[in-house]
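Welcome! Take a look at the model below, and then we will work through some questions about the words used to describe it.

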Amino acid sequence: MSSGAALRLQRHLDAFEGSGMEPSSSPLTTNVLDTASGLPAQGLSLRLSRLEGQGQQWMELRKSYTDADNCCPRLLEPGQMRGHYNLFFDTQGYWKKRGQESFYPYVEVVFTVTNETQKFHVPLLLSPWSYTTYRRS
């Protein structure tokens, strides 16, 4: 990553941290940052599913896109939290729209929520050749 891209990335992360951009009413949010450019990954398609039922099948709860601020707020309503979740990010579609090939056609982040009183923010840092994710509360 060039020093200019690294600087843009750091400025973006600093601006997001504690900025109030995280909606207080939603217990689960995500955002995607294009680390190759240091800019928000606007328009990236994603879907949220939960593992449900006797057969333990993934049930799709919501389809969405990242907005101009690279956020996808309000993935869940309060009270829906406890369980196993899958956030599916269509990375190939995102890079294809930009004329870029990518090594990863999609990213799936599977996680478990056991405490319904906490908030969960699951960011994705993305380039055509790598990705990183983590849990932020």
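## Reading the fold, step by step

Among contacts in the protein chain between residues at least 6 apart in sequence, 62% join residues at least 24 apart. Please keep in mind that this is a predicted model.

Q: How many helices and strands does the protein chain have, and in what order do they run?
A: There are two helices and 10 strands. Starting at the N terminus, the order is α-β-β-β-β-β-β-α-β-β-β-β.

Q: What makes T91 a buried residue?
A: Buried means under 20% relative accessible area. T91 has a relative accessible area of 1%, so T91 is buried. This residue is found in helix 2. Leaving out residues up to four places away in sequence, T91 touches S102, Y104, P105, Y106, V107 and L126.

Q: How much of the protein chain counts as buried?
A: Of its 137 residues, 40% count as buried. Strand 6, which spans residues 83-89, is mostly covered, with six of its seven residues buried.

Q: How do you know that strand 6 pairs with strand 3 and with strand 7?
A: Two strands pair if there are at least two bridges between them. Strand 3 (residues 45-52) and strand 6 share five bridges, so they pair, in the antiparallel sense. Seven bridges join strand 6 to strand 7 (residues 107-113), so these strands pair too, and they also run antiparallel.

Q: Which residues stand opposite each other in these pairings?
A: Between strands 3 and 6, R47 stands opposite F88. On the other side, Y85 stands opposite F111 in strand 7, and N86 has V110 of strand 7 as its bridge partner.

Q: Why are strand 4 and strand 7 said to stand at the edges of the sheet?
A: The open sheet is formed by four strands in the order 4-3-6-7, with antiparallel pairing. Strand 4 (57-65) and strand 7 each have a single partner strand, so one side of each is left without a neighbour in the sheet. On average, neighbouring strands of this sheet are turned by 20° against each other, direction ignored.

Q: What makes up the largest nonpolar core?
A: This core has 23 residues, and those with the most contacts inside it are L28, L87, F89 and F111. The elements that give it two or more residues are strand 1 (28-34), strand 3, strand 6, helix 2 (91-97), strand 7 and strand 9 (124-126). Strand 7 gives the most, with four residues. As a bit of background, nonpolar side chains tend to be buried together in soluble globular proteins.

Q: Which residues is F89 in contact with, leaving aside its neighbours within four places in sequence?
A: F89 is in contact with T30, V32, L44, S45, L46, Y106, V107, V109 and L124.

Q: Why is the pair E60 and R47 called a salt bridge?
A: The rule asks for a side-chain nitrogen of Lys or Arg within 4 Å of a carboxyl oxygen of Asp or Glu. For the side chains of E60 and R47 the N to O distance is 3.6 Å, so the pair fits the rule. It links distant parts of the chain, with E60 in strand 4 and R47 in strand 3, 13 residues apart.

Q: Are E60 and R47 buried or exposed?
A: Neither word fits, because partly exposed lies between buried, under 20%, and exposed, over 50%. E60 has 40% relative accessibility and so counts as partly exposed. R47, at 31%, counts as partly exposed too.

Q: How do you know that R50 and E52 form a salt bridge?
A: Their side chains meet at 2.6 Å, N to O, which is within 4 Å, so the pair qualifies. Here R50 is buried, with a relative accessible area of 14%, whereas E52 is partly exposed, with 25%. By this rule the count comes to two salt bridges.

Q: Why do C71 and C72 not count as a disulfide?
A: A disulfide needs two cysteine sulfur atoms within 2.5 Å. The sulfur of C72 is 8.7 Å from the closest cysteine sulfur, in C71, so it is too far for a bond. The structure holds zero disulfides. Both cysteines count as buried: C71 has 8% relative accessibility, and C72 has 1%.

Terms used
Residues are numbered from 1 along each chain as its sequence is written. This is a predicted model: local features need pLDDT of at least 70, side-chain atom pairs count only at pLDDT 80 or more; totals for chains, interfaces and linings use all residues. Side-chain values use heavy atoms; hydrogens and water are left out. Buried means under 20% relative accessible area, exposed over 50%, partly exposed in between (1.4 Å probe, protein chains only). A nonpolar core is a set of buried Ala, Val, Leu, Ile, Met, Phe, Trp, Tyr and Cys residues joined through side-chain atoms within 4.5 Å. Contact means heavy atoms within 4.5 Å. Axes are lines fitted to C-alpha atoms, for helices over the stretch in contact, and angles run from 0 to 180 degrees between N-to-C directions.
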